[in-house]
Amino acid sequence: MPFWSNPRSSPKLSFRWYASFGFGSLNTINTYALRSFQKPSFEVATAEYIWLNDVAYKPGILSWNPVEITITDGEDFSENNTRKLYNILKRAGYQNTDVNLPQSAIEKKSATTALGGAVRLTQINADGNSIETWALENPFITTVNFGQANYGADEIMTISLGLRYDYATHVIG
């Protein structure tokens, strides 16, 4: 039965969600700063098998695709997400080095710990109750774009984050 024939049911709306990051109190990105969050997606590799005049395809390994998050950047110390992301990068193991020192290495354990071990996206209904939650397990930041300054535009500065993770879990309610 489709949702529109039931007066107590409605579709999920793309603007009803929030995300939670386990960054720690000083580096927490406030949920109101989040502009968009791509839900998890995956691909299943396929293998082609040829036998005489027949071709068959079989599923292979499942691979979770990276997600992209867009956040706004604020001027106030508690809302300056550029500063928070740079601190997360340092907690992940990055260090400024001079030419005589070896480059710092970012290891997976420290990178996932810097993000709190999991990132959660919760879809909510009109009453604010959770419909479903996606948890990205063992995430780490792969890309950050701190935005573009532009004298010709009157827009809010945004930051784009790319996250890679081992797997995602889905919980109803």
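Here is a chat about the fold, the salt bridges and the surface of this predicted model.

Q: Hi! How many helices and strands are there in the protein?
A: There are two helices and ten strands. Along the sequence they follow the pattern β-β-β-β-β-α-α-β-β-β-β-β.

Q: Thanks. Which strands form the open sheet, and in what order?
A: Four strands form it, in the order E2-E5-E9-E8, with antiparallel pairing. Strand E2 (34-37) and strand E8 (140-145) are the edges, each pairing on one side only. On average, neighbouring strands of this sheet are turned by 20° against each other, direction ignored.

Q: How many bridges hold E5 and E9 in register?
A: Six bridges, between strand E5 (residues 67-72) and strand E9 (residues 158-164), which pair in the antiparallel sense. One to look for is Ile-69, whose bridge partner in E9 is Leu-161.

Q: Which helix lies across that sheet's strands?
A: That is helix H1 (residues 81-91), which lies across E5, E8 and E9. Helix H1 runs at about 25° to E9.

Q: And the hairpin, which strands form it?
A: E3 and E4 do, with two residues between them. Strand E3 (residues 42-51) pairs with E4 in the antiparallel sense over nine bridges, and Glu-48 stands opposite Tyr-57 in E4.

Q: What about the backbone at Leu-52 in the turn?
A: Leu-52 has a positive phi of about 55°.

Q: Switching topic: how many salt bridges does the structure hold?
A: Three. In one of them, the side chains of Lys-12 and Glu-132 meet at 2.7 Å, N to O. This pair links distant parts of the chain, with Lys-12 in the segment before strand E1 (17-21) and Glu-132 in strand E7 (residues 130-137), 120 residues apart.

Q: Is Glu-132 buried or exposed?
A: Glu-132 counts as buried because its relative accessibility is 5%, which falls under the 20% cut-off. Lys-12, at 46%, counts as partly exposed.

Q: Which other lysine meets Glu-132?
A: Lys-39, in a salt bridge of 2.8 Å, N to O. Lys-39 sits in the loop between E2 and E3, 93 residues apart from Glu-132 in strand E7. Lys-39 is partly exposed, with a relative accessible area of 31%.

Q: And what does Asp-166 pair with?
A: Asp-166 meets Lys-108 through their side chains at 2.4 Å, N to O. Asp-166 lies in the loop between E9 and strand E10 (167-172) and Lys-108 in helix H2, so this salt bridge ties together parts 58 residues apart in sequence. Both count as partly exposed, Asp-166 at 35% and Lys-108 at 39%.

Q: Which residues end up in one network?
A: Lys-12, Lys-39 and Glu-132, joined by salt bridges that share partners.

Q: While we're at helix H2, what does Thr-112 touch?
A: Leaving out residues up to four places away in sequence, Thr-112 touches Gly-117, Asn-138, Pro-139 and Phe-140. Thr-112 is in helix H2 (residues 108-114) and counts as buried, at 8% relative accessibility.

Q: Now the outside. Which residues make the nonpolar surface patch?
A: Phe-42, Val-44 and Leu-62 make it, and the patch is about 260 Å². Leu-62 lies in strand E4 (residues 54-64) and is partly exposed, with a relative accessible area of 39%.

Q: Last one: how much does the whole protein expose?
A: About 11,800 Å², of which carbon and sulfur atoms supply 53%. As for burial, 27% of the 173 residues count as buried.

Technical notes
Residues are numbered from 1 along each chain as its sequence is written. This is a predicted model: local features need pLDDT of at least 70, side-chain atom pairs count only at pLDDT 80 or more; totals for chains, interfaces and linings use all residues. Side-chain values use heavy atoms; hydrogens and water are left out. Patches are made of residues with over 30% relative accessible area and no salt bridge: like charges are joined within 9 Å, nonpolar side chains (Val, Leu, Ile, Met, Phe, Trp, Tyr) within 5 Å. Accessible areas come from the Shrake-Rupley method with a 1.4 Å probe; for residues, only the protein chains shown count as cover. A salt bridge is a side-chain nitrogen of Lys or Arg within 4 Å of a carboxyl oxygen of Asp or Glu. Buried means under 20% relative accessible area, exposed over 50%, partly exposed in between (1.4 Å probe, protein chains only). Two strands pair if DSSP finds at least two bridges between them. Axes are lines fitted to C-alpha atoms, for helices over the stretch in contact, and angles run from 0 to 180 degrees between N-to-C directions. Contact means heavy atoms within 4.5 Å.
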